[in-house]
Amino acid sequence: MKYLILFFILLMTVVALNAQVSGKITDPEGEPLPFASVYVKGTSIGTTSNVNGEYRLELKSGNYNLVFQYVGFKQVTKQIRIENNPVELDITLQEQPVELGEIVVKSNAEDPAYAVIRKAIEKRKYFRDLIKAYSCDVYIKGNIKFMDAPEKFFGRELGDLGGTLDSNRQGIIYLSESQSKLHFQEPNQYKEEMLSSKVSGNDNGFGFNRASDMDFNLYENTADFSRQIVSPIANNALSYYRYRLIGTFLDDEGRLVNKIEVIPRRNEDPVYRGTIYITEDVWNIQSADLLLLQASINQPGLDSLTIKQVYVPVQQPDMYRIFSQAITFRAGLFGFRLGGTFTGIYSNYNLQPNFTSNFFGNEVFKVNEGANDKTLEFWDTIRPIPLTEEEAVDYVRKDSLQEIRESKPYLDSIDAKNNKFKVIDILFGYDYRNSYERRYFNINSPATTVQFNTVQGWNADLNATYRRVFDENSTRWWSARGSINYGFADKRLRGTLGLNYRLEQKSSTQIGLSGGIDAAQFNGANPISKTLNTLYSLLGKENYMKLYDKAFGRINFQRELVNGVFLTTALEYAQRTPLVNRSDFSWNKNEEKSYEPNDPLGNEFIPSFEQSEALTFTANVRLRYKQKYISYPDQKFNYGSDLPDLWIQYRKGIRSFGSDVNYDLISVRIIENYLSLGVIGTSEFQVEAGKFLNRNALQFMDFRHFLGNQTVIGSPNRYGSSFFQLPYYEYSTNDSYLQAHFQHNFDGWILGKIPLIRKLGWREIFKAGFLYTKEKKDYLELGVGLDNIGFGVFRLFRFDVVWSHNSNGKWDIGYMIGIQMPIDED
C-alpha cells in the first residue's frame, strides 16, 4: 500500500510541476494563423501553431512571458502564471503597421531598402559564423496529402486509393512526427539523433523527417533545392534581386525592424520572392516569408515552395538562431494535385556543448533502437504542435487498418485479384505475388524483347525472375533470374541463369552465381544497346554491335569492409567462340551498302581470335574517404564524401585449368559525380589510368575497351564516363592508357539572362573527353549542349554539338541527341 500511496504522491507532484497552455491564434477577422511561433521570451522554449492556428505548450510551474509571433503581424507578449491547472489562452494578432517615417522615395532615387540590404550582406558571414557550436532539440511534423485526384489514370479506375481519398478526392498520403537531437560544430560538422518517430499506418516505419534536410540557411550564399537558390543577402544578391522597403516597426524589445520586399530581377533565375525582415543596426534576419516558383526552382511538377522562418535571440547581444521553420509545397502531375507541409521547431539551444574530440564522425544521422515503438499516448504528452482533426483521424484510422492490411486473409484477397491472368499479359508479361510470404515472380513477354542483329537475325528473349524477401525492410533476400534467347538466323538457343543472395544490408554483403551461354559484346560494358543497334541495322545497314559466343560460369561477392571501403570480386571461367554474320536483312534497300563483318577489327575472312578458354579473376576496391552515412537499427545508407571516390581495379587472366590466357591489368580511377559551384552550376569528372603489367596471352575481348559511340543517339546517364564520337574499338588497347572526362552543367546560368530563351528552362552543358593509348596516341573531344529540352514534366532530351580531334590530327564535327530515359544496355 505504501508504494501505491508513493506512486500517487509522485504523480501529483508531476502534475503540479507541469501544466499546459493552449489556445488558438487568429487574425482580427477570426481566420487562423498557421505556423505562428509561440515561445518563452528570452529562450528557445516554444512551439508553433498547426494549420488551424491551434497551439499547445508544456511548461513547468512559474511565471512566464509568452511571445506570439507571425510573419507580417504585430508581435504580442502575454504574461501568464502556470500552476497545476491547464491554461487556455486565445490570441488575436494584428497586422504589423509599418511606417516610412521621414523617408521620401523619389522616382529616380534608390529605394532605402538597398542600404539595409547592403548592411545585411556585409554582416552575412559574421552571423553565419557567429555561433561556433550548439545542440538543440528538434521536433518535425510532415504532412503530404492529395488536394485532388482523377477518377481514372490511363483508363484504370482509381477508386478511393485504398481508403486514402474522401468524397472530395482529398486525403493524407503521408503523416509523420519525429523528435531529434541536433548537434553542430564549425565549420560544417553535423550529427543528428532521432529519438522517436511515428508514421501514420506504419508502426515499423521511420519518417524521413531530418532537420539537416531542412537546413535552408539564408546566411549561406545559396541553398540547395536541386538547384542552387541565391539568398536575398548573398554576396551577389544585388545582381539577382530588386528590393523595396515596405516600412519599419518596433519589436517588443524596442528594436527597429525593416520590412523589405524581395523582388526577382528575372523570374527564371534561381531566386526567391517575398518578404525578409532585417533588424536595424544589428543587421540580422529577424524572420522571412519567401516563395519559390516553378520557373525559379526548375523542377517539373513542383508548382511552388514556401519557406517561413522565425529567429529568436538565444544569447545577448546578437546571437540569434532559427526557432521555427515551415516549408509548404504544391505540386501536380497527371491530374494529381499534391500539397504538403513540413514544420520544424528548434528549441532548448545549448551554445556551449561539451563535445568530445571524437563526437563528430562519419555518421551524420542515427535512428535509435525503439524510436518507432512509442504509443499514441506518448505523442499526446510531448507533441508541441496539436494535431488537426484530420490528422488525428488519419492516425487512428490508418493504425487500425494496418493490422488488417498486414493480415494474411487481406493480402491473399488482394493478391488473388491482381494475380489473375489477363489477355493483355500475353503482350506485356505476367506478375505473380504472395505478399504475405514476400514472394514475387515475373515473366516477360517475348513480344517486348524482339531485336535484330546480323549474327542472330531476328531474336527474342524470354526472361523470368523470382524474388524472396525475408523481412519487412528487405535487408535480406535472394533472387533467381533466368533468360532464354533464340536467334532465328543462326538457329541457336541460348540461355543464362543467375542466383543472388543478400546476407545483410548494413555492409551490403551479397554473393552471386551465374552461368550459361550468351552472345556477348566484345566490350563487356555494352557500348551500344540492343534497341539502338536494331534501329541502325534495319534503317541504315550499320551493325555496330560486335558479338562472340560466351559459355561461362561465374561467382561474385561484394561487401563493405569498413565504412567507405567497398570490395567487389569475381571469378569466371568462360569459353569464347567467334561468331559470323548470319543475316543481311534490312529495311534499307540501298544495294551499294552492305553490313560490316562481325569483327571489331573489321577482318572479313579471319576472325580476330580463335576459340579461347579464360579463367579470370577481378577485384575492385572503392575508397571513399570520410564517407558520410545514416544508420537505422538494421540498415545503413551511404552518402557521399567531400572528396572524390578512388577506385583501384585489378583483373588477372589465369593460365590454369585449361585456360589459355595470362595477363594482368591494373587501373586507378578517380570519380567526382557532384561538385557544386553555386549558381554557376555543378561539375563532374572522372580520370582513369591503367596498364597491362603482363600481356603474355590474351584475346581481343580481354583488352581495355572504352565507351565510344558511332551513332547520333546517346544515353546522358552514361555521358560522365563515355565519349560522343570515339569509334567503339579503334582505341582498344593491351598496354597503358589514360582517359579523362569532364562535364559541367551551368543550370541556366547563361541562358537565364537572355529574354524569352530563359523561359524555355533549358540548361547549358559543356563536356570534354580525353583518351591516350600507347598505340593510337591521343584523342580529344569537346562538346557544348542544351539539356532539359521538352515541355512540362516531359523534359527528356539533350542536344550536343561535338568537335573531336583524333590521332590523325584532324578535327571532326558532329552532334548527339540524348534521351533521358533508361536504355537497354544488356
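## A buried aspartate, two cores and a cavity

D461 sits in strand β27, which spans residues 457-469 (strands are DSSP runs of E, at least two residues, numbered from the N terminus). This is a predicted model, where local features need pLDDT of at least 70, side-chain atom pairs count only at pLDDT 80 or more, and totals for chains, interfaces and linings use all residues. Numbering starts from 1 along each chain as its sequence is written, and side-chain values use heavy atoms, leaving out hydrogens and water.

With a relative accessible area of 11%, D461 is buried (under 20%, 1.4 Å probe, protein chains only). Its side chain makes a polar contact with that of N485 at 2.6 Å; such a contact is a pair of N or O atoms within 3.5 Å, one able to donate a hydrogen and the other to accept it.

Now to the cores, which are sets of buried Ala, Val, Leu, Ile, Met, Phe, Trp, Tyr and Cys residues joined through side-chain atoms within 4.5 Å.

| Nonpolar core | Size | Members include |
|---|---|---|
| Largest | 61 residues | F225, Y241, Y243, I260, Y272, Y346 |
| Another, apart from it | 31 residues | L547, Y548, A614, L665 |

I260 is in contact (heavy atoms within 4.5 Å) with residues including A113, V116, I117 and Y243, leaving aside neighbours within four places in sequence.

There is some empty space too: the second largest cavity holds about 90 Å³. Thirteen residues line this cavity, and R227, P270, V679, D747 and W749 are the closest to its centre. Here a cavity is a set of points on a 1 Å grid over the protein atoms alone where a 1.4 Å probe fits but cannot get out, and lining residues have an atom within 4 Å of a point. Grid points are joined across faces, edges and corners, and the volume is the space filled by probe spheres set on them.

Note on methods
1 Å grid on protein atoms, 1.4 Å probe; cavity = no way out; pocket = protein on both sides within 12 Å on 5 of 7 lines; lining within 4 Å. Helix = DSSP H or I, 4+ residues; strand = E, 2+ residues; numbered from the N terminus. Buried < 20%, exposed > 50% of the residue type's maximum accessible area, 1.4 Å probe, protein only.
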